[in-house]
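Colleague: Please take one part of this model and look at it closely. I want its packing partners, some individual residues, and what lies just beyond it in the sequence.

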Amino acid sequence: MSSSSLSNPTLSTPFIGHNLRLNQNTKDGINCFPSLRRHRVPRCAVDMPYGGNAPTFPRIRVWDPYKRLGISPYASEEEIWSARNFLLEQYARHERSEESIEAAFEKLLMASFQHRKKTKINLKSRLKKKVEESPPWIKNLLNFVELPPMEVIFRRLFLFAFMGGWSIMNSSEGGPAFQVAVSLAACMYFLNEKTKSLGRAFVIGLGALATGWICGSIFVPMIPTVLIHPTWTLELLTSLVAYAFLFLACTFLK
């Protein structure tokens with residue numbers, strides 16, 4: 001460009017105007033064709049699926065808990081637990097699916113508990129009805145039997161189990177005569193506490209010992225020798241049977 005054109009500002013005006021028109025036309029062209037512009041669509045958490053890309057449990061709104069878990073109405077508790085664990089593994093990353101599965105599982109668990117409770121009550125009532133309908137001799141026999149508290153049962157069971165263990169530990173030194181005598185005395189003591197009659201306690205205790213000793217003498221020889229320890233004698237095994245009869249007599253007989 002010459003020095004005259006630089007010195008004269010009017011000569012450069014057309015070029016400036018031309019550039020301005022080109023810029024304006026370019027903007028108008030872009031405005032006329034929106035595809036030429038970079039268009040960004042805003043995104044938020046609402047547009048994303050609930051739980052991200054985790055699969056959704058398809059039976060969330062199924063009312064029947066059996067159908068929701070996909071099991072039979074006659075399914076056992078093990079099958080209910082298996083279905084629940086399997087579905088939780090499949091839809092572990094979707095919170096609403098987990099809640100739906102757990103809700104159906106809790107309904108079935110509660111229904112199973114109520115059914116067992118009703119069955120237990122019905123069993124007691126049926127047993128009581130059977131006893132009332134039984135012959136007189138069975139009623140008289142059941143009048144001699146009672147069920148003490150569980151604490152009493154466990155205490156006496158521990159005592160006679162200790163006597164049995166003591167007899168086994170001393171089997172190499174001698175017979176269990178002393179342990180049998182102590183067990184008989186304990187049985188009579190418990191019976192006397194219950195019946196308030198020393199004669200009755202004495203008779204029941206001796207009867208239980210004799211019955212246990214006879215049963216042990218009959219049935220112990222039928223046990224295969226492979227199942228019996230070599231140092232255990234017939235007298236020792238018979239005394240173990242007698243301990244069991246003494247325990248039953250002083251615990252459950254009136």
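Modeller: The part I have chosen is helix 8, and the account runs from the whole chain to its partners, its residues and the stretch after it.

Some ground rules come first. This is a predicted model, where local features need pLDDT of at least 70, side-chain atom pairs count only at pLDDT 80 or more, and totals for chains, interfaces and linings use all residues. Residues are numbered from 1 along each chain as its sequence is written, and side-chain values use heavy atoms, with hydrogens and water left out.

The setting is helical. The chain has 10 helices and zero strands. Both are DSSP runs numbered from the N terminus: H or I over at least four residues for helices, E over at least two for strands. In sequence order the pattern reads α-α-α-α-α-α-α-α-α-α. Of the 254 residues, 24% are buried. The scale is relative accessible area: buried is under 20%, exposed is over 50%, and partly exposed lies in between, with a 1.4 Å probe and protein chains only. The exposed area is about 18,900 Å², of which carbon and sulfur atoms supply 65%. Areas come from the Shrake-Rupley method with a 1.4 Å probe, and for residues only the protein chains shown count as cover. Take the contacts between residues at least 6 apart in sequence: 67% of these join residues at least 24 apart. Contact means heavy atoms within 4.5 Å.

Now the helix. Two packed helices are described by the angle between their axes and the distance between the axes. Here axes are lines fitted to C-alpha atoms, for helices over the stretch in contact, and angles run from 0 to 180 degrees between N-to-C directions.

Start with helix 7. It covers residues 150-169, and helix 8 covers residues 177-195. Their axes come within 9 Å and cross at roughly 170 degrees. The pair is therefore roughly antiparallel. That label applies over 145 degrees; under 35 counts as roughly parallel, 65 to 115 as roughly perpendicular, and the rest as oblique. On the helix 7 side, the contact uses Arg156, Leu159, Phe160, Met163, Trp166 and Ser167. Helix 8 answers with Phe178, Gln179, Val182, Ser183, Ala186, Cys187, Phe190 and Lys194. By class, this contact has nine nonpolar, three polar and two charged residues. Nonpolar covers Ala, Val, Leu, Ile, Met, Phe, Trp, Tyr, Cys and Pro; charged covers Asp, Glu, Lys and Arg; the others, Gly among them, are polar.

Helix 10 (residues 234-252) is another partner. Its axis is 9 Å from that of helix 8, at an angle of about 10 degrees. That makes the two roughly parallel. Helix 8 contributes Gln179, Val180, Ser183, Leu184, Cys187, Phe190, Leu191 and Lys194. Helix 10 contributes Ser239, Tyr243, Leu246, Ala249, Cys250, Thr251 and Phe252. The class count is 10 nonpolar, four polar and one charged residues. Several helix 8 residues take part in both contacts, among them Gln179, Cys187 and Lys194.

Thr251 deserves a look from the helix 10 side. It counts as buried, at 0% relative accessibility. Beyond its neighbours within four places in sequence, Thr251 is in contact with Glu146, Pro148, Ile153, Arg156 and Lys194. Lys194 belongs to helix 8, and Arg156 to helix 7.

Back on helix 8, two residues show other environments. Phe178 sits in this helix. At 52% relative accessibility, Phe178 counts as exposed. Its C-alpha lies 9.8 Å from that of Met163, 15 residues away along the chain. Ala185 is also in helix 8. Its relative accessibility is 45%, so it counts as partly exposed. From Ala185 to Phe202 is 17 residues along the chain and 9.0 Å between C-alpha atoms.

Next comes the loop. Lys196 lies between helix 8 and helix 9 (198-219). Most residues other than glycine have a negative phi. Lys196 has a positive one, near 60 degrees. It counts as exposed, at 69% relative accessibility.

Finally, the record. An unreviewed UniProt entry lists residues 198-220 and 232-253 as "transmembrane region". Such positions use the numbering here, feature names are shortened, and annotations may be inferred rather than shown by experiment. In the model, residues 198-220 are 96% helix and 0% strand, with end C-alpha atoms 32 Å apart. Residues 232-253 are 86% helix and 0% strand, with end C-alpha atoms 30 Å apart.
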